[in-house]
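Good morning, colleagues. I would like to take a few minutes to walk through one structure with you; please look at it on the screen as I speak.

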Amino acid sequence: MADINNNPYLAHMHNKSSGSSNNIFDGPNKAFNMLVPGKSTAEQQEALENDVYNGLTGQTYSQKYKNILEKRRDLPVNKQRQKFLDLIHANQFVVLVGETGSGKTTQIPQYMVMDMLPQVEGKMIACTQPRRVAAMSVAQRVSEELDVKLGQEVGYSIRFEDCTSSKTVLKYCTDGMLLREAMSDNLLSRYSAVILDEAHERTLNTDILMSLMKNIAMKRPDIKIIVMSATLDSEKFQKYFYDAPLLTVPGRTFPVEVYYTPEPESDYLEASIKTALQIHATEPAGDILMFLTGEEEIEEACRLLRARGDELIRRANSGPLLVVPLYSTLPPNMQQKIFDQAPEPRTKGGSPGRKIVVSTNVAETSLTIDGIVYVIDPGFAKQKVYNPRVRVESLLVSPISRAAAQQRAGRAGRTRPGKCFRLYTEKSFNNDLIEQTYPEILRSNLGSIVLQLKKLGINDLVHLDLMDPCAPEVLMRALELLHYLGALDDDANLTEIGHAISEFPIDPQLAKMIIAAADYGCTNEVLSIAAMLSVPNVFLRPREAQRAADMAKAEFAHMDGDHMTLLNVYHAYKGATEATKWCWDNFLQYRSLKSADSIREQLRRVAVKNNIPLLSNNFTNPEYYPKIRRALTAGYFMQVAHLERNGQYLTVKDNQIVLLHPSSVLERKPEWVVYNEFVLTKRHYIRTVTEVKPEWLLEIAPHYYDLSAFPPCEGKRILEKIALKIAVSREEQERREKKDKKDKKRKSEKEKSEKEKKDKKEKKDKKEKKSKD
DNA sequence: GAGCACTGC
């Protein structure tokens, strides 16, 4: 008997009966009929692409499609299509390494669509990206390659925007988005294959997804998983995925010559500037990209480069310079300047002009600048580090890894052969730099992630199968936090509140604050505050107008503290008619406020979905602000500082000496404050601070403020006094209540007996009257 | 009296 599963020519017989609304076999396309899900060959796939009709839509292919197809056939990855298909047919996991220009991100997902025919079963192929822009732009590109409308057969899904439809068979999404989806669909049952792209970046979400995919694969033998990476660190990935086979695809870049300094540089900023000017004076035309660590450093370097560039023009008749800064908080119109052309020579046939882009790490992965030929790499970057002992994430300038250095160098070879100048010795590169940047999961606070894992049904966190297991202390800290917030019970199981908190795409403390706000009737206001705390700083303070900026901010200041000040700003922003101009006039970051507004909308929807009522107290109610501050306390009772008699703030329980951040509107130094952020620089600051009442702490978080487990300090003694007072007054109240009850009882008894007497008397009177009659 | 690498739900 013929096995129809193995006969590609009979495939339509069993597929026809699937009854799917996306049945591709009904169209005029015949080539699709040759395919059996999971058994296609490169030849069959190419025949499909060469057909007159589009197998996905039934329409005839456009001329544009045919032009693009020609280019697609030239991509390095296309030469390995059969090899790829053989591997994925024989394995559940495949690791694919492909350098820039290999075509893996656009082609592999298409090969998977043609191979697995997910539409037959109403399923999809997902391809994840660490960044939103990438997901959007790749989906756009692939929709053109497949000659379909973006959002139909090919779509993308990112926060705030779901550009997919019921027809979608190929979906590009951010890794965070797929993780969220897994929270409600633990087996990712809507997908027949998942492709994890840019896995080498090892973002927090990619790491969790990789672990999750291993878990899902065990329960779903039908799902295929492809892990794509740009580095040669492939063995680690292979080993992690049960010795998965490896496919290597060459890239298309130009060679980059690397130069080292003979001696270590003591001042990398000065060395960078000197190197840039030397390139300008001696090397042929071509733009320069310089990597520095932060905004201030970049602006300083730009000033110096411009000044010395002018001097060079005067003294040595060199070409004109265009110096452009680049960092993420730079306004978009300023960021656009990196795409400007290098200036023309000042005189015809004179020395050529040159563009110098001075950038942070954004230019390492997120942004690509064409025309860069020279890269200057001092070897440093600001990197996030997490200290679980003090529960603080902070940014530290630290040496980059060898992989990052290679990535930086590669930026010089995108359009033609280039040069990279490393401002450290070759010996230092080989001996001092670490191989790979530590994955984010080892450098982060895991509060939110642990909660998500619980929601994903992963309970045994200690034995969680991560590519790089995180430190037990970090896990402990996360569990502790979630337990105090009431998200986990004593057995570390998700509570009802925990379920609700996990639905919010924000820090657990913020989510708890929103949920608690319902008890105080102020969810509307707290939603706004939570949104404002989830965006980059809204207050601008340009160097040339600091005084004016401070005055503008003072207009919004609220005496209770910075959280209420943020609420004032948000309300004023919503009331402003010309938002962009209004922001500019008030020294506010329009981008941040706009983003706060969309986040608020998202949070509001999650609140509604979780039956959290949207409430506001009457503004004239004297408790309007105190109630909001109580809700704040319900989320942030673990971040409280007390002003000691010596004028210093001490964080509660940790006993760290901290200072109010100079940006705070609270100049009067209230005795008890909650803070949003612990900033670790030369000194320890607490930023975004609001006054609270000590009795609220005892009332709202008695489990955390269990004074018997407190380290001794002034704050403890004061809390003890208050606790005593509360206990005494509670006792008094109880006594009073008891007395009242007794009195009432006595009174009612008295009334009862009097009434009885009266009744008796009346009866008697009636009787007497009757007898008289 | 100071700072803000970069993503992401």
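Two residues are in contact here when heavy atoms of theirs lie within 4.5 Å. Please keep in mind that this is a predicted model.

With that definition, let us begin with Arg-72, which sits in helix α3, spanning residues 63-74. Leaving aside residues up to four places away in sequence, Arg-72 touches Glu-49, Tyr-65, Asn-78, Gln-107, Gln-110 and Glu-145. Its relative accessibility is 3%, so Arg-72 counts as buried.

I turn next to helix α7, residues 175-184. Of its 10 residues, 7 are buried, and the helix is therefore largely enclosed by the rest of the structure. Those buried residues are Asp-175, Gly-176, Leu-178, Leu-179, Glu-181, Ala-182 and Met-183. What covers them? The cover includes the strands β2 (124-129), β5 (170-174) and β6 (191-196), together with the helices α8 (204-219), α16 (447-455) and α18 (496-503).

Now to the surface. Ile-434, Tyr-438 and Leu-442 form a nonpolar patch there, with about 260 Å² of accessible area together. Leu-442 belongs to the loop between α15 (426-431) and α16. Because its relative accessibility is 35%, Leu-442 counts as partly exposed.

Finally, the cysteines. How many disulfides does a search of the whole structure find? The result is 0. For Cys-163, which is in no disulfide, the nearest cysteine sulfur is that of Cys-173, 13 Å away. Cys-163 is buried, at 18% relative accessible area. Cys-420 is likewise in no disulfide, and its nearest cysteine sulfur, that of Cys-302, is 19 Å away. Cys-420 is buried, with a relative accessible area of 0%.

Conventions. Residues are numbered from 1 along each chain as its sequence is written. Chains are lettered from A and ligands numbered from 1 in the order in which they are written. This is a predicted model: local features need pLDDT of at least 70, side-chain atom pairs count only at pLDDT 80 or more; totals for chains, interfaces and linings use all residues. Side-chain values use heavy atoms; hydrogens and water are left out. Buried means under 20% relative accessible area, exposed over 50%, partly exposed in between (1.4 Å probe, protein chains only). Helices (H or I, at least four residues) and strands (E, at least two) are DSSP runs, numbered from the N terminus. Patches are made of residues with over 30% relative accessible area and no salt bridge: like charges are joined within 9 Å, nonpolar side chains (Val, Leu, Ile, Met, Phe, Trp, Tyr) within 5 Å. Accessible areas come from the Shrake-Rupley method with a 1.4 Å probe; for residues, only the protein chains shown count as cover. A salt bridge is a side-chain nitrogen of Lys or Arg within 4 Å of a carboxyl oxygen of Asp or Glu. A disulfide is a pair of cysteine sulfur atoms within 2.5 Å.
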